[in-house]
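Take a look at the chain below before reading on. The text walks through the fold from the outside in.

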Amino acid sequence: MHPRIIDELRAIVGTHGLIAEPEQLRTYECDGLTNLRVVPSAVVLPASGEHLQAVVRVCHRERIPFVARGSGTGLSGGALPVEGGVVISLSRLNRILEVDIPNARVVVEPGVINLDVTERVAPFGYFYAPDPSSQSVCTIGGNVAENSGGAHCLKYGFTANHVLGLKLVLPDGEIVQLGGKTLDPPGYDLMGVFVGSEGTLGIATEITLRVVKRPEVVQTLLAAFHSTDEAGAAVSEIIAAGILPAAIEMMDALSIQAAEAAVHAGYPQCDALLLVELDGPAAEVALSMERVTEICRGCGAWEIRLAQSEAERMVVWKGRKAAFAAMGRVAPDYIVQDGVIPRTALPRVLREIRQLSEAAGLRVANVFHAGDGNLHPLVLYDRSVPGQEHIAETLAFDIIKLCVQAGGSITGEHGVGREKQKYMSTMYAEPDLDTMQLVRCAFDPQHLANPDKVFPRPRLCAEKQGRYEPHPLEQAGVAELF
Ligand SMILES: Cc1cc2nc3c(=O)[nH]c(=O)nc-3n(C[C@H](O)[C@H](O)[C@H](O)COP(=O)(O)OP(=O)(O)OC[C@H]3O[C@@H](n4cnc5c(N)ncnc54)[C@H](O)[C@@H]3O)c2cc1C
């Protein structure tokens, strides 16, 4: 990048807000998807909305691509830098601007950590419902861009259901306000368009969130089953009985083993464990919990345990939330997948995942939001064994194709990013993708905001990033690799 532009960016954000040293830039070369890495030309850390706007204006004038970054915990390469581009890190925009308890609204800057919102409103008896397992580190801006979910989204809804207002810096540096504290403004639902757009339409600089009153009672049940078939059947029966749990999570034997080694949550050693959480008025929870217990027993649960205290409940959840990170205890490397299937297809798809795993000769651990049908198969492998990483990648994508065949989706909550862009064509026909591009071009005709993410593209000559894999368009004879 031209030194003149670096100097201009430095003048906006100050010496401490700009990183241009090659060694320091490497800190930003990837997000949670670590097998793709690109070193950006500069990283800027704006400390105010005005800084952010001025930086985007420079990028727009000079036609420099830019990538917003929250905490970099994204698992699909959404915050992967663009070569020659600028990373705009939002970690200094981390103020909670307003807490409006009478209206149950909180206004935050994008770099605020998800859990900090709940901690701020907890003394008033409220919480912020979307709770990704990364909630102690990921940012609200990243959550908005990914439309993040979490264990409690079954009952409370995803990020999209909790964002009421957005102040945005558009890719040309203009600022617009969408929505606000009130519900359902007239006109097009542009907020619905922005939430989940993975940084491709601009950068959120202020976010108005809905917070929710804490329920009177919360109870968490652990049910141990002989198989994922039995546990999957219990999930469908609980929902079919008209009970809407706050969460239903499933863990298989491998994930239990890993989580136990890390957290000692006291999980029963079984082939499938369900965590069923109910919340609401005490009388309703007691009645529904009886029914959930009956259903689990009827489906074959051989141990059923209710967490006896808030401390015990917290440990149960700590084990679940640490499960991804704990995988390092059972395998040196893993790929986290994120696909969705109809809930009723759970037993069949889990069986087929097992068959694929056996055929590939690699273990797959399952720990996921069963109530949403949102699977997170973890494909375990060892990078030091030649060829194993490639087998793991193929297996991971075979699992995603299985989800689509079962009537599901290539992603539930982790986004498409760079990782899954070529698999968009397994879900969408060309006219659908063209229509999405029209929306994108309305915001960003020059494709400066997080370019080359989400949408599939033919591979080009001299392409550098990642290992070569044939693109579906290339396989179909539509595009050619030179
Ligand atoms: C251990 C672990 C567990 C996880 N569990 C879950 C889970 O349960 N549910 C879930 O949904 N995800 C989960 N994730 C994935 C990840 O934490 C979420 O996608 C999270 O929302 C990313 O937030 P971030 O601040 O790290 O964003 P980043 O990774 O920095 O960025 C993610 C995307 O958002 C864009 N972006 C960031 N800020 C802005 C902004 N202000 N405006 C516009 N675009 C922006 C970036 O360009 C990028 O495309 C998990 C990740 C890990 C590592």
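What follows goes from the whole chain to one sheet, and then to one helix.

This is a predicted model. The chain holds 16 helices and 20 strands. Its C-alpha trace spans about 70 × 55 × 40 Å along the principal axes. How does the radius of gyration fit a compact globule? For 482 residues, such a globule would have a value near 23 Å. The chain has 23 Å, so the two agree.

Burial and contacts add to this picture. Of the 482 residues, 56% count as buried. Take the contacts between residues at least 6 apart in sequence: 70% of them join residues at least 24 apart. The chain exposes about 19,900 Å². Carbon and sulfur atoms supply 54% of that area.

Now turn to one sheet. Five strands make it up, in the order S5-S6-S10-S8-S9. The sheet is open, and its pairing is antiparallel. Which strands stand at the edges? They are S5 (96-100) and S9 (175-179). Each has a single partner strand, so one side of each is left without a neighbour in the sheet. On average, neighbouring strands are turned by 10° against each other, direction ignored.

Look inside the sheet at S6 and S10. Strand S6 covers residues 105-108, and strand S10 covers residues 203-210. The two run antiparallel and are joined by four bridges. Here Val106 of S6 stands opposite Leu209 in S10.

Helices pack on this sheet. Helix H4 (residues 114-121) touches S5, S6 and S10. The direction of H4 makes about 40° with that of S5. Helix H3 (residues 49-62) lies across S8 (163-169), S9 and S10. H3 runs at about 140° to S10.

Move on along the chain to helix H9, residues 253-263. Which of its residues are buried? They are Leu254, Ser255, Ile256, Ala258, Ala259, Glu260 and Val263. Some background helps in reading such a list. An α-helix has 3.6 residues a turn, so residues three or four places apart point the same way.

What do the buried residues of H9 pack against? Their partners include four strands of the chain: S13 (247-252), S14 (272-280), S18 (364-368) and S20 (377-381). Helices H11 (310-321) and H12 (323-326) also pack against them. Just after H9, the backbone of His264 takes a positive phi of about 55°.

Definitions and conventions:
Residues numbered from 1 in each chain as written. Predicted model: local features only at pLDDT ≥ 70, side-chain atom pairs only at ≥ 80, totals over all residues. Heavy atoms only, no water. Pairing = 2+ DSSP bridges. Axes fitted to C-alpha atoms, helices over the stretch in contact; angles between N-to-C directions. Contact = heavy atoms within 4.5 Å. Buried < 20%, exposed > 50% of the residue type's maximum accessible area, 1.4 Å probe, protein only. Rg over C-alpha atoms; globule rule 2.2 N^0.38 Å. Areas by Shrake-Rupley, 256 points an atom, 1.4 Å probe, with all protein chains shown as cover.
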